[in-house]
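Work through these exercises with the sequence and the 3D view side by side. Try each task before you read its solution.

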Amino acid sequence: MKLIKFSVVRGDYTEKDKVERGADLFYLCGKCDEAIPSIPKDNVGCQCGNVFVDKDYFRLVVEDYSNFRVVRKKD
């Protein structure tokens with residue numbers, strides 16, 4: 001299994017902040033340590049349910065912003 005490394009783009013979001021999206025950006029859940037694409041092909045969420053992306057409505061749902069980071073894959 002290949003270990004993927006990420007660099008943090010930003011991690012100090014609040015509910016009112018607009019969270020970046022991009023083909024090279026991922027949303028990292030600090031609770032379950034799972035990264036999901038910011039622009040997924042299907043609706044997707046992390047294992048613990050803290051972060052969810054509703055692709056159909058272009059909506060991001062985060063339960064706990066203190067455990068949420070936007071990251072980019074390192075080469």
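The exercises below deal with a predicted model.

**Exercise 1. The open sheet**

Task: Work out which strands stand at the edges of the four-stranded open sheet, and why one side of each is left without a neighbour.

Solution:
- Step 1. Write down the strand order, which is β1-β7-β2-β3. The pairing is antiparallel.
- Step 2. Look at the two ends of that order. β1 (6-10) and β3 (35-37) stand at the edges. Each has a single partner strand, so one side of each lacks a neighbour in the sheet.
- Step 3. Add the twist. On average, neighbouring strands of this sheet are turned by 40° against each other, direction ignored.

**Exercise 2. The partners of β2**

Task: Find how many bridges join β2 to β7 and how many join β2 to β3.

Solution:
- Step 1. Locate β2 at residues 25-29.
- Step 2. Take β7 as partner. Five bridges join it to β2, and the two run antiparallel. Here Tyr 27 has Val 70 as its bridge partner.
- Step 3. Take β3 as partner. Three bridges link it to β2, again antiparallel. Tyr 27 stands opposite Ile 36, and Phe 26 stands opposite Pro 37.
- Step 4. Follow the chain from β2 to β3. The two strands form a hairpin with five residues between them. In the turn, Asp 33 has a positive phi of about 60°.

**Exercise 3. Covered or not?**

Task: Decide whether the residues of β2 are buried or exposed, then do the task again for Tyr 65.

Solution:
- Step 1. Sort the side chains of β2 by direction. Leu 25, Tyr 27 and Cys 29 point one way, while Phe 26 and Leu 28 point the other way.
- Step 2. Check both sets. All are buried, which makes five of five residues in the strand.
- Step 3. Turn to the largest nonpolar core, which has 13 residues. Tyr 27 is among the members that touch the most others, together with Tyr 13, Val 19, Val 51, Phe 68 and Val 70.
- Step 4. Trace the core back to the strands. β2, β5 and β7 (68-73) each supply at least two residues. β2 gives the most, with three.
- Step 5. Move to Tyr 65, in the loop between β6 and β7. Its relative accessibility is 16%. Buried means under 20%, so Tyr 65 counts as buried.
- Step 6. Place Tyr 65 against Lys 31. They are 34 residues apart along the chain, and their C-alpha atoms are separated by 11 Å.

**Exercise 4. Two hairpins in a row**

Task: Trace the chain from β4 through β5 to β6 and find the residues with positive phi in the two hairpins.

Solution:
- Step 1. Begin with β4 (residues 44-45), joined to β5 by two antiparallel bridges. Gly 45 has Phe 52 as its bridge partner.
- Step 2. Read the turn. This hairpin has five residues between its strands, and Gly 49 takes a positive phi of about 90°.
- Step 3. Go on to β5 and β6, which pair in the antiparallel sense over four bridges. Phe 52 has Val 61 as its partner in β6.
- Step 4. Read the second turn. Four residues lie between these strands, and Phe 58 has a positive phi near 55°.

**Exercise 5. A pocket and its lining**

Task: Describe which residues line the second largest pocket.

Solution:
- Step 1. State the space: about 160 Å³.
- Step 2. Name the residues closest to the centre. Of the 13 lining residues, these are Arg 21, Ser 38, Val 53, Phe 58 and Arg 59.
- Step 3. Link the lining to strands. β5 (51-54) and β6 (59-62) each supply at least two residues.
- Step 4. Class the lining. Seven residues are nonpolar, one is polar and five are charged.

Terms used:
Residues are numbered from 1 along each chain as its sequence is written. This is a predicted model: local features need pLDDT of at least 70, side-chain atom pairs count only at pLDDT 80 or more; totals for chains, interfaces and linings use all residues. Side-chain values use heavy atoms; hydrogens and water are left out. On a 1 Å grid over the protein atoms alone, a cavity is a set of points where a 1.4 Å probe fits but cannot get out, and a pocket is an open set with protein on both sides within 12 Å along at least five of seven lines; lining residues have an atom within 4 Å of a point. Grid points are joined across faces, edges and corners, and a volume is the space filled by probe spheres set on the points. Ala, Val, Leu, Ile, Met, Phe, Trp, Tyr, Cys and Pro count as nonpolar, Asp, Glu, Lys and Arg as charged, and the others, Gly among them, as polar. Two strands pair if DSSP finds at least two bridges between them. Axes are lines fitted to C-alpha atoms, for helices over the stretch in contact, and angles run from 0 to 180 degrees between N-to-C directions. A nonpolar core is a set of buried Ala, Val, Leu, Ile, Met, Phe, Trp, Tyr and Cys residues joined through side-chain atoms within 4.5 Å. Buried means under 20% relative accessible area, exposed over 50%, partly exposed in between (1.4 Å probe, protein chains only).
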